[in-house]
Amino acid sequence: MPETIALHTRLKPGAAEEYEAAHASIPPELVAALRDAGVLNWRIWRSGEDLFHLVDVQDYRAMRHALADHPANVPWQARMSELLAVGDDYSGNDQGIPKVWELLP
């Protein structure tokens with residue numbers, strides 16, 4: 001069963017425009033790698049330097065491990081590490097932000 005993972009990252013000061021420009025044209029090979037790793041959808045919102053992600057994925061930890069050394073992801077993560085306040089090591093050991101509450105239908 002797919003899971004939805006919430007994440008929070010933060011941009012370096014002044015990096016918002018470059019971050020948004022990078023995300024305006026995600027490389028097709030990265031999109032394919034994300035899909036192959038079980039990502040169904042990935043959404044990002046920005047408030048100032050704070051980024052909030054919602055990731056719908058088959059298995060979050062498996063996805064992180066599959067992408068850790070993937071040739072399409074490594075250069076992308078190198079580029080993102082130039083823009084993010086804290087780089088992502090892609091260890092796959094995180095759980096995302098814990099859910100506190102949900103309004104169900």
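**A three-stranded sheet and the pocket beside the chain's helices and strands**

In this predicted model, an open sheet of three strands has the order S1-S3-S2, with antiparallel pairing, where two strands count as paired if DSSP finds at least two bridges between them. Helices (H or I, at least four residues) and strands (E, at least two) are DSSP runs, numbered from the N terminus. S1 and S2 are the edge strands, each of which pairs on one side only, and the twist averages 15° from one strand to the next. Strands of a sheet pair through backbone hydrogen bonds, either parallel or antiparallel.

As the model is predicted, local features need pLDDT of at least 70 and side-chain atom pairs count only at pLDDT 80 or more, while totals for chains, interfaces and linings use all residues. Residues are numbered from 1 along each chain as its sequence is written, and side-chain values use heavy atoms, with hydrogens and water left out.

S1 and S3 run antiparallel and are joined by eight bridges; here Thr4 stands opposite Asp56 in S3. Eight bridges also join S2 to S3, again antiparallel. Along this second pairing, Val39 stands opposite Val57, Trp45 has Phe52 as its bridge partner, and Arg46 stands opposite Leu51. The hairpin of S2 and S3 has two residues between the strands, and in it Gly48 takes a positive phi near 65°.

Helix H1 lies across S2 and S3, contact meaning heavy atoms within 4.5 Å. H1 runs at about 155° to S2, with axes fitted as lines to C-alpha atoms, for helices over the stretch in contact, and angles running from 0 to 180 degrees between N-to-C directions.

The largest pocket holds about 750 Å³ of space. On a 1 Å grid over the protein atoms alone, a pocket is an open set of points where a 1.4 Å probe fits, with protein on both sides within 12 Å along at least five of seven lines, and lining residues have an atom within 4 Å of a point. Grid points are joined across faces, edges and corners, and the volume is the space filled by probe spheres set on the points. Of the 32 lining residues, Trp42, Ile44, His53, Gln77 and Tyr90 are the closest to the centre of the largest pocket.

Strands S1 (3-10), S2 (39-47) and S3 (50-57) and helices H1 (16-23), H2 (28-36), H3 (60-67) and H4 (73-81) each supply at least two residues of this lining, and S2 gives the most, with five residues. The lining divides into 18 nonpolar, eight polar and six charged residues, where Ala, Val, Leu, Ile, Met, Phe, Trp, Tyr, Cys and Pro count as nonpolar, Asp, Glu, Lys and Arg as charged, and the others, Gly among them, as polar.
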